[in-house]
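I sat down with this one to go through its contacts and salt bridges. My notes follow in the order I looked things up.

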Number of protein chains: 2
Amino acid sequence: MTYPNWLSQRAYLTGNQLALSFGKNEWTFSEVNELALDYAGKLAHFGITQHSRVALLSKSNAEAVFVIYGCMQIGCEMVMLNERLAGAELAYQLEDAGVDRVFADAELIEKVAGAQPVSFDELKLAKPAVFPLKTEWAKQQTISIMYTSGTTGNPKGVRQTAENHFSSAVSSALNLGVSPDDVWLCTVPLFHISGFSILMRSLVYGMGVRLYGKFDAAVCADELSKGQVTHSSMVGVMLEQVLREIEQRELRVSPRFKQILAGGGPVPVSYLQRAEAHGIQVLQTYGMTETSSQTTTLQTADAKTKLGSAGKPLFLYQVKIDGAQAAGEHGEILIRGPQVTPGYIGQFKDRPVLVDGWLATGDIGYLDAEGFLFVVDRRSDLIVSGGENVYPAEIEKVLMAHPAVREAGVCGMPDDRWGEVPAAFVVLDAGETAEQLPAFCRSQLAGYKVPKTFRVVGSLPRSASNKLLRRELKKWL
Amino acid sequence: MTYPNWLSQRAYLTGNQLALSFGKNEWTFSEVNELALDYAGKLAHFGITQHSRVALLSKSNAEAVFVIYGCMQIGCEMVMLNERLAGAELAYQLEDAGVDRVFADAELIEKVAGAQPVSFDELKLAKPAVFPLKTEWAKQQTISIMYTSGTTGNPKGVRQTAENHFSSAVSSALNLGVSPDDVWLCTVPLFHISGFSILMRSLVYGMGVRLYGKFDAAVCADELSKGQVTHSSMVGVMLEQVLREIEQRELRVSPRFKQILAGGGPVPVSYLQRAEAHGIQVLQTYGMTETSSQTTTLQTADAKTKLGSAGKPLFLYQVKIDGAQAAGEHGEILIRGPQVTPGYIGQFKDRPVLVDGWLATGDIGYLDAEGFLFVVDRRSDLIVSGGENVYPAEIEKVLMAHPAVREAGVCGMPDDRWGEVPAAFVVLDAGETAEQLPAFCRSQLAGYKVPKTFRVVGSLPRSASNKLLRRELKKWL
């Protein structure tokens, strides 16, 4: 129940192939493996072993990749911190995860100042210590941990094992196809599964990654036209901006470019049509942190007849609707397969992930007569804002902690740039105003989670059992 | 530790895609799945359950594929009988395997007359019985069993599990690449792992198979030029004949055609050069029944600088040389990975397959400084004749059973058509001649195993420990 060490195997099998590019620099798999071994020694210098759990806080850059691969060589667990989170949010994750060490990019280190972090600069200068090289990796070994919220509002740390990542990479290859000269354009964050899974595919396929620190539509449009990349991952709003660049500058998309994998909810049909006009295949996908990326994917050929569908499962996966007896019946979406996390860490470590072998996603959907999945309601009224998941309950919890707030409700509001942004409704104590709330939220929450509007209301819409009805809030907008 | 049922999953995900063609007929994955379910019911009619072991004796045709897929739907084990074997050889395998039923193609049924076989015609007419459909397949479930000889001369039944076949298909995809519109030309026997693995790749990839009853160089050359197929499996002698057809008829190989996977020993460089001139990539591969097809593969780009090499392992696999401390040292080739059989059945069922987790192949080889594998001596002086493995010990055992023979030694002899053919050296009792030996061998052995020459000698070359030195015999030719 092991894999050969992915990094050393890649260096052995396709050592001269492109593994990574960032800025003007490129590295082959042999070079990346050497750097990973060097970084593993540096991590060992700080006492990191295969039994350690570390947290990484970084922007997307080559050094972050080397630290990630160094951790894989050591065999430790990595908590991937979201650089956009507020200090309080990061502190919660570090405490919940009980990490042995925090390693942070110099630019971001202030955010985790309380956790005695080691900066990437300090790590880079460390004298490598000897460590036992793992020639094989256990399938059940946790590689990455990512925090995701849910109904509770308290983020849960999700384990992603070697088998989770491997299954995800292989299932994707069997669906999209794979070629030894594929290169994936990565402008999505490495701390999210969307970006991290690109690195995992790189190692499993021997595929190059062209990495960028952040998304820039003009740069992406250039990449698609230059012919160096074959794939990319985007959410709908990113795709639209790239298409606009291509159209305005009258660029020609290279015939070498194959596919865009689009997550974060259905892509409007007008985007699909514009993409098609430029020869770009867009595959819409449905997945989550707990499923280590894609679980279902909608083929380009089906996109127009199955508008709004998330497609069909990948080869190794199964999807069913809880309680549904026939096509079209709505219910909770259940997922089964080797991509599903074995569980959480920290305070949720005993919470079972599977019920009778199936992951209960909390999302509501249905399968049509041909077995295409339609997601009707994202779990916990999830707001997807520019590719980031925003959970209303988490924002409501912060608002409720403010002394002036009696009740709070948050829902998504349409936004041209981000797709959706959060909007807050609050019931205040007599004589109070909402004036202090934006600043209060900013001190507690990542910027993209801070509501763009705060409306003071007399009461919130609630069900008979007093449950907040967030869908009703949407109608008030 | 399960897979979704490959057949129903394929029908669900890519039901309208080509699964199989034979003669003028074509079937999609949905059609193949329906036929497999129908055949599973017919098998159930004959009492076959998931706990059964059946033997199949057939030429390569569509019906054989439906019976194989029907067995997979039932979940029984299939002993794949080689149609070229003599009756005595088949009887040995059936007895050793202790099969519940034998199903045979009408044309071949006489060969297994003693085993009360059910003909494919009878099976086809049977009224399907109800059987429990397996929606998931255990990874450790044995799908196929193939007999292979070795040092002992007694063929051993090798288990090939769902995981063995899946790992093999996925590792091959990660090496060669895979595309949703790939189609594999299959002219190698389905009862060998070379052909059976094409069916397994078909199900795992959703890939079409163009199946032929036998190899015909002219037909293959047509297929390569017509653009309907992307891949094929051949041994060197087949490749040469196809190249000759292409050259003589001045055919143009379709740009859609990608790769030929060439097993059965190194392909002469002149063939590689001729293939290259026609835009055909040839990937030489080393594998065996115990490794469910390819374990190492030599990339086309390396073929000229690494003449005679079997290449490097596929991503999930490891290869090492027993006892070797440095590059270039010779020793037994050891193999590790999820493609390696869990073991044998029948009289060899307790024989351990793995030593410390590694399969000892019996083959001698070395790894060069860059990790390329070179096979120096095939196990038991294996003779590869037109893609069939011929074990000298098995032929020697038959010869020794003849009353006139005192000692026998067999080795491979170069042959223009088959690559190699067996040659026998015998020490006879005084006054005897070799006259009766050809007919005697034909009554006991498949035609391709019958020596093409019988030389009477005074003694055989032996080592100090009296072990037959078959390599010395080669020098006598």
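**Entry 1: salt bridges, whole structure**

How many salt bridges does a search of the whole structure find over all chains? I got 52. Note to self: this is a predicted model.

I then went through a few of them one at a time. In chain A, I looked at A:Asp182 and A:Lys258, whose side chains meet in a salt bridge at 2.8 Å, N to O. A:Asp182 sits in the loop between α6 and β11 (183-186) of chain A, and A:Lys258 in the loop between α9 (236-248) and β14 (259-263), so this pair ties together parts 76 residues apart in sequence. Buried or exposed? I checked each partner: A:Asp182 counts as buried at 2% relative accessibility, while A:Lys258 counts as partly exposed at 34%.

I also found a network in chain A: A:Glu240, A:Arg244, A:Glu247 and A:Arg274 are linked by salt bridges.

Over in chain B, I pulled up B:Arg462 and B:Glu407, which form a salt bridge through their side chains at 3.1 Å, N to O. B:Arg462 is in the loop between β27 (453-456) and α13 (470-476) of chain B and B:Glu407 is in strand β25 (residues 405-415), so the bridge ties together parts 55 residues apart in sequence. I have B:Arg462 down as partly exposed at 30% relative accessibility, and B:Glu407 as partly exposed at 24%.

**Entry 2: a sheet in chain B**

Next I traced an open sheet in chain B. It has six strands in the order β7-β6-β4-β5-β9-β10, with mixed pairing. Which strands stand at the edges? They are β7 (118-119) and β10 of chain B; each has a single partner strand, so one side of each is left without a neighbour in the sheet.

I worked across part of the sheet, pair by pair:

- Strand β4 (residues 53-57) of chain B runs parallel to β5(B), and five bridges join them.
- β5 (residues 77-81) of chain B pairs with β9(B), also in the parallel sense, over two bridges. Within that pairing, B:Val79 has B:Ile145 of β9(B) as its bridge partner.
- β9(B) and strand β10 (residues 156-161) of chain B run antiparallel, joined by six bridges. Here B:Tyr147 is matched with B:Gly157 in β10(B).

How much of β9(B) is covered? I counted seven of seven residues buried for this strand, which spans residues 142-148 of chain B.

One pair made me go back. B:Arg53 stands opposite B:Glu77 in β5(B), and the side chains of B:Arg53 and B:Glu77 also meet in a salt bridge (2.9 Å, N to O). The pair links β4 and β5 of chain B, 24 residues apart. I looked up both partners: B:Arg53 is buried with a relative accessible area of 15%, and B:Glu77 is buried with 17%.

**Entry 3: where chain A meets chain B**

Then I turned to the interface. Chain A and chain B put 36 residues each into the contact. Together they bury about 2800 Å², and 59% of that is on carbon and sulfur atoms. Which three residues supply the most of what chain A buries against chain B? A:Tyr12, A:Leu174 and A:Phe315 do, with 26% of that area.

For polar links, I noted 17 residue pairs in polar contact across the interface, and four salt bridges between chain A and chain B. I looked up A:Arg336 with B:Glu136, whose side chains meet in a salt bridge at 2.5 Å, N to O.

Which elements of chain A take part? β1 (2-4), α1 (6-14), α6 (162-176), α7 (193-205) and β17 (309-313) of chain A each supply at least two residues of the side that touches chain B. α6(A) gives the most, with seven residues. By residue class, I sorted that side of chain A into 22 nonpolar, seven polar and seven charged.

**Entry 4: one serine in α6(A)**

Last stop was A:Ser172, which is in helix α6 of chain A. A:Ser172 is buried, with a relative accessible area of 1%. What does A:Ser172 contact, leaving aside its neighbours within four places in sequence? I wrote down A:Gly177, A:Arg201, A:Tyr205, A:Gln294 and A:Leu314.

Conventions: Residues numbered from 1 in each chain as written. Chains lettered and ligands numbered in written order. Predicted model: local features only at pLDDT ≥ 70, side-chain atom pairs only at ≥ 80, totals over all residues. Heavy atoms only, no water. Contact = heavy atoms within 4.5 Å. Buried area = accessible area lost by both parts, 1.4 Å probe. Polar contact = N/O pair within 3.5 Å; in protein donor to acceptor, adjacent residues only side chain to side chain. Helix = DSSP H or I, 4+ residues; strand = E, 2+ residues; numbered from the N terminus. Nonpolar A, V, L, I, M, F, W, Y, C, P; charged D, E, K, R; others polar. Buried < 20%, exposed > 50% of the residue type's maximum accessible area, 1.4 Å probe, protein only. Pairing = 2+ DSSP bridges.
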